[in-house]
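Here are my notes after a pass through the model, jotted down point by point. Have the coordinates open while you read.

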2 protein chains.
Amino acid sequence: MFRMTGLRADARRNREKILAAARELFREQGTAVALDDIARRAGVGIGTLYRRFPDRDALILDVALEGFETVLAVVEAARAGGGGAAAVLDETFRRVVEQRERLVMPLVGGPVVRDPRVRKLQRAILGALEEVLAEGRGEGVLRADITAFDLVGAAAMACRPMPHLPREAAGALAARHVAVYLHGLRPHGAPALPDMVDPGGYLGLG
Amino acid sequence: MFRMTGLRADARRNREKILAAARELFREQGTAVALDDIARRAGVGIGTLYRRFPDRDALILDVALEGFETVLAVVEAARAGGGGAAAVLDETFRRVVEQRERLVMPLVGGPVVRDPRVRKLQRAILGALEEVLAEGRGEGVLRADITAFDLVGAAAMACRPMPHLPREAAGALAARHVAVYLHGLRPHGAPALPDMVDPGGYLGLG
DNA sequence: AGCCAACCGGAGCTTTTCCTCCAGATAGGG
DNA sequence: CCCTATCTGGAGGAAAAGCTCCGGTTGGCT
């Protein structure tokens with residue numbers, strides 16, 4: 001039989017439940033949330049959580065990794081879908097908003113920032129977006145001074161947790177925001193942007 | 001002598017230090033952060049924190065209140081500055097980004113949402129923005145389907161904490177994002193927006 | 001079906017956080 | 001400068017969270 005990972009089926013299921021609960025609670029209360037609460041919301045024992053994630057940072061890291069993987073998959077799927085650069089960006093942001101509750105990249109200035117797998121995913125995401133931008137500039141549908149970093153930042157902002165709002169309202173807000181932002185990316189009559197500052201490394205989302 | 005509040009000078013100073021530390025830590029780690037940590041970062045004893053803020057919710061509420069007050073002041077100052085609606089929005093968002101580290105409205109679906117002072121400030125902010133929008137539509141410089149709620153949401157997104165980035169990089173990112181967003185608010189060639197969903201109450205930022 | 005390596009849950013010990021209380025310090029009016 | 005109402009910091013008991021360990025359960029191979 002095909003094994004997705006080296007884990008047994010029940011273990012894999014529980015791992016997913018824990019990650020889902022962690023995503024929710026990180027978004028609602030931040031990464032300082034009690035691990036007991038995460039286990040409780042996941043419906044597993046605390047021992048199960050600690051077996052799979054030796055400490056808080058390991059859990060944060062895995063949540064972040066899945067988030068970055070999802071983003072990369074979204075960008076690649078949008079590119080594979082074809083169309084011009086504008087269409088690719090539309091599709092990318094549409095899917096980012098759709099999956100924003102999964103895109104929890106806890107934004108912690110800790111071990112996550114230094115993890116090589118995270119950095120590799122970041123490079124892949126930025127690289128793919130840069131290619132899209134290059135195309136778009138060639139087609140004249142995108143202003144020239146936008147960087148891939150701007151786009152990742154925009155995605156991060158649109159994915160901002162808003163746990164005080166009903167889910168659909170938060171989703172609608174994000175979708176509308178992104179629509180305006182994308183429209184603002186067009187070169188026609190665009191005023192100059194403030195200077196970029198080197199981010200020096202890690203990019204994080206919601 | 002003029003008393004800003006009923007507090008003694010040292011008490012007022014410490015209150016500010018505690019709020020500043022709380023803002024930082026809420027942004028970095030979320031509202032579940034240990035209150036001891038907040039007192040330590042503020043450089044005051046834990047007793048001082050508890051005397052001023054009887055529990056976590058009181059602290060969260062006061063941080064939120066100051067944030068909403070700041071936003072309202074920003075909007076009103078921008079309107080007082082004059083110019084057309086577009087200029088008012090430019091100025092509003094410029095200052096929001098400038099003060100984004102102070103605009104911590106913890107986004108917790110708890111007591112904050114129900115506090116009457118918070119709701120009053122929200123109404124004032126939304127009301128002021130609606131007037132600006134009405135002007136802007138009259139002048140033809142703003143697309144007609146944008147709501148005040150969209151604008152508050154945009155501000156919240158731009159204020160998103162990004163503690164993993166150097167401060168200047170995060171600021172530049174926010175400023176550039178807002179510039180693109182504002183450009184996207186112009187009606188020329190704008191595609192239709194997704195439908196709005198009623199937020200049902202509380203609005204929160206950063 | 002039968003077996004066993006892998007996994008589960010939570011009791012329970014340790015560490016941290018919560019919160020109260022009060023002896024000593026200080027602002028600021030007279 | 002002195003007095004006192006107000007404020008401070010941190011010790012310390014209670015409560016919660018962090019973390020480990022092991023008896024019992026279960027998936028999945030044969």
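1. Start with A:Arg176, which is buried in this predicted model, its relative accessibility being just 5%. Its partner is B:Asp150, and the two side chains form a salt bridge with N and O 2.7 Å apart. A:Arg176 sits in helix H9 (residues 167-184) of chain A and B:Asp150 in helix H8 (residues 148-158) of chain B, so this pair joins two chains. B:Asp150 is buried as well, with a relative accessible area of 4%. Both values fall under the 20% cut-off, so both residues count as buried.

2. Next, have a look at A:Arg41 and A:Glu24. They make a salt bridge whose closest N and O atoms are 2.8 Å apart. A:Arg41 belongs to helix H2 (residues 35-42) of chain A and A:Glu24 to helix H1 (residues 9-29) of chain A, so the bridge ties together parts 17 residues apart in sequence. Here the side with the arginine is partly exposed, A:Arg41 having a relative accessible area of 39%. A:Glu24 is partly exposed too, at 36% relative accessibility.

3. Chain B has a mixed case. B:Arg117 and B:Asp115 meet in a salt bridge at 3.3 Å, N to O. B:Asp115 is buried, with a relative accessible area of 10%, whereas B:Arg117 is partly exposed at 46%.

4. How many salt bridges does the whole structure hold? A search over all chains finds 38. Some charged residues are linked in a network: A:Arg15, A:Glu16, A:Arg23, A:Asp62, A:Glu66 and A:Arg102.

5. Now for DNA strand D. There are 21 residues around the strand, and the nearest are A:Tyr50, A:Arg56, B:Arg8, B:Asn14 and B:Arg51. By type, the residues of this surface divide into 9 nonpolar, 4 polar and 8 charged.

6. Which helices supply that surface? H1, H2 and H3 (46-52) of chain A, along with H1 (9-29) and H3 (46-52) of chain B, each supply at least two residues. H3 of chain B gives the most, with 5 residues.

7. What does the protein meet on the strand, backbone or bases? Of the atoms of DNA strand D within 4 Å of the protein, 63% belong to sugar or phosphate, and the rest to bases. On the phosphate side, a polar backbone atom of A:Ala9 is 2.9 Å from a phosphate oxygen, and a polar side-chain atom of B:Arg52 lies 3.4 Å from a phosphate oxygen. On the base side, a polar backbone atom of B:Gly47 is 3.4 Å from a base oxygen.

Note on methods:
Residues numbered from 1 in each chain as written. Chains lettered and ligands numbered in written order. Predicted model: local features only at pLDDT ≥ 70, side-chain atom pairs only at ≥ 80, totals over all residues. Heavy atoms only, no water. Salt bridge = Lys/Arg side-chain N within 4 Å of Asp/Glu carboxyl O. Helix = DSSP H or I, 4+ residues; strand = E, 2+ residues; numbered from the N terminus. Buried < 20%, exposed > 50% of the residue type's maximum accessible area, 1.4 Å probe, protein only. Near = heavy atom within 4 Å. Polar contact = N/O pair within 3.5 Å; in protein donor to acceptor, adjacent residues only side chain to side chain. Nonpolar A, V, L, I, M, F, W, Y, C, P; charged D, E, K, R; others polar.
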